[in-house]
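Q: Please take a close look at the sheet in this structure. I would like a connected account of how its strands are arranged and of the side-chain contacts found there and elsewhere in the chain.

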Amino acid sequence: MRSFVLVAVVVAACGSDKSSPPSKPATTPSPTVAAPVPAAAAGAGSAENKVIVPAKPPAAGRDFTVEGKALFIVGACGEGTSPEAEVVPAARRKRHCDVVSKAQTEYGDRWVGKARAFFAEHVPADVPKKVVYPFAGGDLSTALTVYPAAEEITTMSLEPAGDPRTLALLKGAELDAALGKVEFELKWLYRVNFSNTINMIEAMRGGRLPTQLIFGLSAVKLHGFELVAVRYFRLEDDGAIHYLDDAEVAAAPDAKKASTAEKRNMLFANVEVQFRKAGGPIQVWRHIRANLGNDASQGIGPGLKADPRVLRHLEAKGQVAGMTKAASYLLSWDSFSLIRDYLLKHVTWMVSDATGVAPKWGKRGGFEYEMYGMFEGPHIEAGNGISSDWSKEFSAQKKRPLKFRFGYYDKKFRNHLVLMKRKA
């Protein structure tokens, strides 16, 4: 049974619907506040997507902005110039960006515009500017669609951000394979609006390029932001951030060796990316690699009970806005009760599909629900144990249409979405 649970968690880390978990769930100093983002999504190749390097390096830790700039240009197909990006032949960059830019543009036209208009109407003006997104995978883009003015977005999944030092080291077939993985996974993410982690295990943990970071940089580009700075970090015992310094980076395994990729990517597991609109305040995205299960049987790593650093880091943020989607219904499992309890205590407003915090817990915790679309049951068996709770809540409320997909569909392939609000 343990192996089935592990598969479910690995899949859910980036929100896949390809899992085969058990049919019965078990009984987890801020920058200035940003100005609102214009309602229209920035298309691929927007003139706004310029890369800038800060006048001063980050206050602490090794500055990876140069490497981030090259990955923004080559991997995420953002505008700008960089000597480090020029090491990749122009013809190869063009082939890659023909694929990626097309996927970004189609995704912006098909999904971002509809979703952004919905959330501009429904997200409260006083929602907290700090956002927590468990089981997010590489999906910074949805968080920026829902919360474009967030001063800080924290995503969490089993997958690492990845080693940023490798772009200049890849040649020929190795470069083709690495860029091909990015192309495939980005196209999948933007086509269905969640990531398939079974496919992304190799792409993110063992990938020669930092796929998770590139996904985030693609969101920065797609939403019309400038890249400001990139740093990597780990969490101290009290949850505080420690930025990786020169000595720690120098001690990392040799980036030239393909055999060290997984070990290196796990060292470069947590990333901080600063970005902004032209002339606007700095906003921050942090990705944390973590097993959000209660214990080690729920994923890769000790779990939140034995290693509570992630919870301590999140709790220090105070009240937050939340979101999750396509999370394999893990928040309905007792084995993920710690992250669920964190959300109930600290979230004031949250959007999800039916993989969010179900009414049986949320209503007892002082929340009310507003449902959109239709839900009669999950399309994967991991949600069978909580299905009736969701179905009852959808049936009890008036029907509200939903014109775009948000995470999973239900068993009849219909869109649905849940707004969970703390009562005044």
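A: The model is predicted. Its sheet is open and mixed in pairing, with ten strands that follow the order S4-S3-S5-S6-S2-S1-S7-S8-S10-S9. Strand S4 (241-243) and S9 stand at the edges with a single partner strand each, so one side of each has no neighbour in the sheet. From one strand to the next, the twist averages 25°.

At the S4 edge, strand S3 (residues 226-235) and S4 run antiparallel and are joined by three bridges. Arg234 has His242 in S4 as its bridge partner. A charge-over-ring contact can be added here: Arg231 lies over the face of Tyr243, 3.7 Å from the ring centre.

Further along the order is S7, a strand that is mostly covered, with five of its five residues buried. Val320, Gly322 and Thr324 point one way from the strand, whereas Ala321 and Met323 point the other way, and all of them are buried. S7 pairs with S1 in the parallel sense over two bridges, and in this pairing Val131 stands opposite Ala321. S7 also runs parallel to S8, to which five bridges join it; here Val320 stands opposite Val347.

A helix packs on this sheet. Helix H11 (residues 337-346) touches strand S1 (130-134), strand S7 (320-324), strand S8 (347-352), S9 and S10. The direction of H11 makes about 120° with that of S8.

Charged contacts come next. Side chains of opposite charge can pair when their charged atoms come close. In this model the count comes to 23 salt bridges. One of them joins Glu152 to Arg286, with the closest N and O atoms 3.3 Å apart. Glu152 belongs to strand S2 (residues 152-157) and Arg286 to strand S6 (residues 283-289), so this pair ties together parts that lie 134 residues apart in sequence. Both Glu152 and Arg286 are buried.

A second salt bridge is formed by Arg414 and Glu376, at 2.9 Å from N to O. Arg414 lies in the loop between helix H13 (387-396) and strand S10 (416-422), and Glu376 in the loop between strand S9 (367-373) and H13, so the pair ties together parts 38 residues apart in sequence. Arg414 has a relative accessibility of 22% and therefore counts as partly exposed. Glu376 is likewise partly exposed, because its relative accessible area is 35%. Shared partners also link salt bridges into one network, whose members are Glu152, Arg231, Glu272, Arg286 and Lys317. Arg231 thus belongs to this network and also lies over the face of Tyr243.

The side chains of Arg309 and Asp307 meet in a further salt bridge, at 2.8 Å from N to O. Arg309 counts as partly exposed because its relative accessibility is 28%.

Aromatic contacts complete the account. The count of aromatic pairs comes to 20. In one of these pairs, Trp111 and Phe404 meet edge-to-face, at 6.0 Å centre to centre and with 90° between the planes. Trp111 lies in helix H3 (residues 90-122) and Phe404 in the loop between H13 and S10, so the pair ties together parts that are 293 residues apart in sequence. Trp111 and Phe404 are both buried.

Tyr409 and Phe413 form another pair, with ring centres 5.0 Å apart and planes at 55°, so the pair is tilted. The two residues are covered to unlike extents: Tyr409 is buried, with a relative accessible area of 17%, whereas Phe413 counts as exposed at 60% relative accessibility.

Trp111 and Phe404 also take part in one aromatic cluster, formed with Tyr107, Phe118, Phe119, Tyr190, Tyr372 and Phe406. Within this cluster, Tyr372 has a charged neighbour as well: Arg400 lies over the face of the Tyr372 ring, at 5.6 Å from the ring centre.

Conventions:
Residues numbered from 1 in each chain as written. Predicted model: local features only at pLDDT ≥ 70, side-chain atom pairs only at ≥ 80, totals over all residues. Heavy atoms only, no water. Salt bridge = Lys/Arg side-chain N within 4 Å of Asp/Glu carboxyl O. Helix = DSSP H or I, 4+ residues; strand = E, 2+ residues; numbered from the N terminus. Buried < 20%, exposed > 50% of the residue type's maximum accessible area, 1.4 Å probe, protein only. Pairing = 2+ DSSP bridges. Axes fitted to C-alpha atoms, helices over the stretch in contact; angles between N-to-C directions. Contact = heavy atoms within 4.5 Å. Phe/Tyr/Trp six-rings, centres within 6.5 Å; stacked < 30°, edge-to-face > 60°. Lys NZ or Arg CZ within 6 Å of the ring centre and 35° of its normal.
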